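User: I would like to go through the side-chain packing in this model, one question at a time. Please give the reasoning before each answer.

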Amino acid sequence: MAASSSSSLRIPAPTHHPAAGARPRRLPFHAVSVRPRRSAASASSSSQQAPAPGDGDDADGPTGVPVPVPFSRDSAIALPRPLTSADLTGEASGEGLRVAYQGCPGAYSEAAAKKAYPSCETVPCEYFETAFQAVEKWAADRAVLPLENSLGGSIHRNYDLLLRHRLHIVGEVRLAVRHCLLANRGVKIENLRSAMSHPQALAQCEQTLTQLGIEHREAVDDTAGAAKQIAEENLQDTAAVASSLAAQLYGLDILAENIQDDADNVTRFMMLAREPIIPRTDKPFKTSIVFSLEEGPGQLFKALAVFALRKINLTKMESRPHKKKPLRVADDNSTPLKHFDYLFYVDFEASMADPNAQNALSNLKQEFATFLRVLGSYPTDVTEA
Ligand SMILES: O=C(O)C(=O)Cc1ccccc1
């Protein structure tokens, strides 16, 4: 497979489906320390299921469990061969994996997918939701989607989609985003009236665009899509805020580089899969959860104390309206509807294989949370963004 191939979204023949009748397995948070055995047959026939880089794999095999090889004197029978380290090297690079992202080729999300899985085949998707569906329907093996940006903040849509879908976070990837100003050949900065891009990209370059005298903003679904539209429509008064790769792919000139208002502009993406990875404790891990709470004073304070008391560091917290239960109704009907109901998304620095983290979540569930779901426990991205 080509190292940097890309194809549009289509549903392939179900060659990687689990065995008929096999159901996707989710590990409840209290059971994640159990390491399930994988047979040699399942290990060799379901390469799409095996962990990818950042999915916690290593040369000892994804579970660290020796793979049993059945013995037979009949050499004509095709027996599964033992899994080798070489097999896992391919997995580690993402070779053979189809990775869905939102946007057109040249979008930052595609660069993030390539950083996470360098040899993967990238699958552009129209919307975030399409990328979730692509993995759920086996048109892709992973999705890489943005969660938060150091300047623009959280991408709320993806938090909401995490709850609506049943995918698992299996890794995170941080990407330094360096925006360029792109326009058709011959267009000069002084000809420009409008800048077109993803809303986050426009927000990240707001001051620079204003300083350049560009007054209008046009928000579109992704940065590379803006570059494509400007090239296809041969716009003469509009520039795209996008990557240098997008300039190359759509034949645009780069009028200015590094136009983001803050030099340290980093976006954090999540890697999603149908199955969770087996959490480990031999390297830094993060865990992402979502929960809701009872009404009452100090409930959130008490809920977060389950981490503080165990010296577990929180790295992110986001609250979102509970769409299925937007309002709280007073029990006695004496008060009008006025309390909003929220879901709390929290990332903390611990692996679900760590008993300390398991105890924190047991405590949260038993004493405070009316709902709790572990979205994933995955290796922290410690690489340079
Ligand atoms: O539009 C893109 O290229 C994306 O991948 C989304 C995005 C937009 C701005 C910063 C980082 C990611």
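User: Which residues of helix α10 are buried?

Analyst: This is a predicted model, and the answer refers to the helix as it is placed there. Helix α10 covers residues 299-308, and Phe-301 and Ala-308, on the other side of α10, are exposed. With a cut-off of under 20% relative accessible area for burial, the buried residues of α10 are Gln-299, Ala-303, Val-306 and Phe-307.

User: Within what arc do the buried residues of α10 fall, seen down its axis?

Analyst: An α-helix has 3.6 residues a turn, so residues three or four places apart point the same way. The buried residues of α10 line one face of the helix, because, seen down the axis, they fall within an arc of 105°.

User: Against which elements do the buried residues of α10 pack?

Analyst: Contact here requires heavy atoms within 4.5 Å. By that criterion, the partners of the buried residues of α10 are β12 (285-293), β13 (314-321), β16 (342-348) and α11 (355-367).

User: How many aromatic pairs does a search of the whole structure find, and which pair is edge-to-face, with 75° between the planes?

Analyst: The search of the whole structure finds three aromatic pairs. In the edge-to-face pair, the rings are 5.0 Å apart, centre to centre, and planes over 60 degrees apart count as edge-to-face. The partners, both buried, lie in helix α5 (residues 156-164) and strand β16, so the pair ties together parts that are 186 residues apart in sequence. The pair is formed by Tyr-159 and Tyr-345.

User: Is the pair of Phe-291 and Phe-344 stacked, edge-to-face or tilted?

Analyst: Phe-291 in strand β12 and Phe-344 in strand β16 are 53 residues apart, and their pair links distant parts of the chain. Phe-291 counts as buried at 0% relative accessibility, and Phe-344 also counts as buried, at 12%. The ring centres are 5.7 Å apart and the planes are at 35°, so the pair is tilted.

User: Which residue lies over the face of Trp-138?

Analyst: For an arginine, the criterion places CZ within 6 Å of the ring centre and within 35 degrees of the ring normal. At 3.5 Å from the ring centre, the residue over the face of Trp-138 is Arg-274.

User: Which residues of the largest nonpolar core touch the most other members?

Analyst: The largest nonpolar core has 43 residues, and apart from it lies another core, of 20 residues, including Ile-312 and Leu-361. Leaving aside neighbours within four places in sequence, Val-144 is in contact with residues including Val-99, Tyr-117, Val-173 and Met-270. The residues that touch the most other members of the largest core are Tyr-117, Phe-132, Val-144, Leu-145, Met-270 and Leu-272.

Notes
Residues are numbered from 1 along each chain as its sequence is written. This is a predicted model: local features need pLDDT of at least 70, side-chain atom pairs count only at pLDDT 80 or more; totals for chains, interfaces and linings use all residues. Side-chain values use heavy atoms; hydrogens and water are left out. Buried means under 20% relative accessible area, exposed over 50%, partly exposed in between (1.4 Å probe, protein chains only). Helices (H or I, at least four residues) and strands (E, at least two) are DSSP runs, numbered from the N terminus. The arc is that of the directions from the helix axis to the C-beta atoms. Rings of Phe, Tyr and Trp (its six-membered ring) pair if their centres lie within 6.5 Å; planes under 30 degrees apart count as stacked, over 60 as edge-to-face and the rest as tilted. A nonpolar core is a set of buried Ala, Val, Leu, Ile, Met, Phe, Trp, Tyr and Cys residues joined through side-chain atoms within 4.5 Å.
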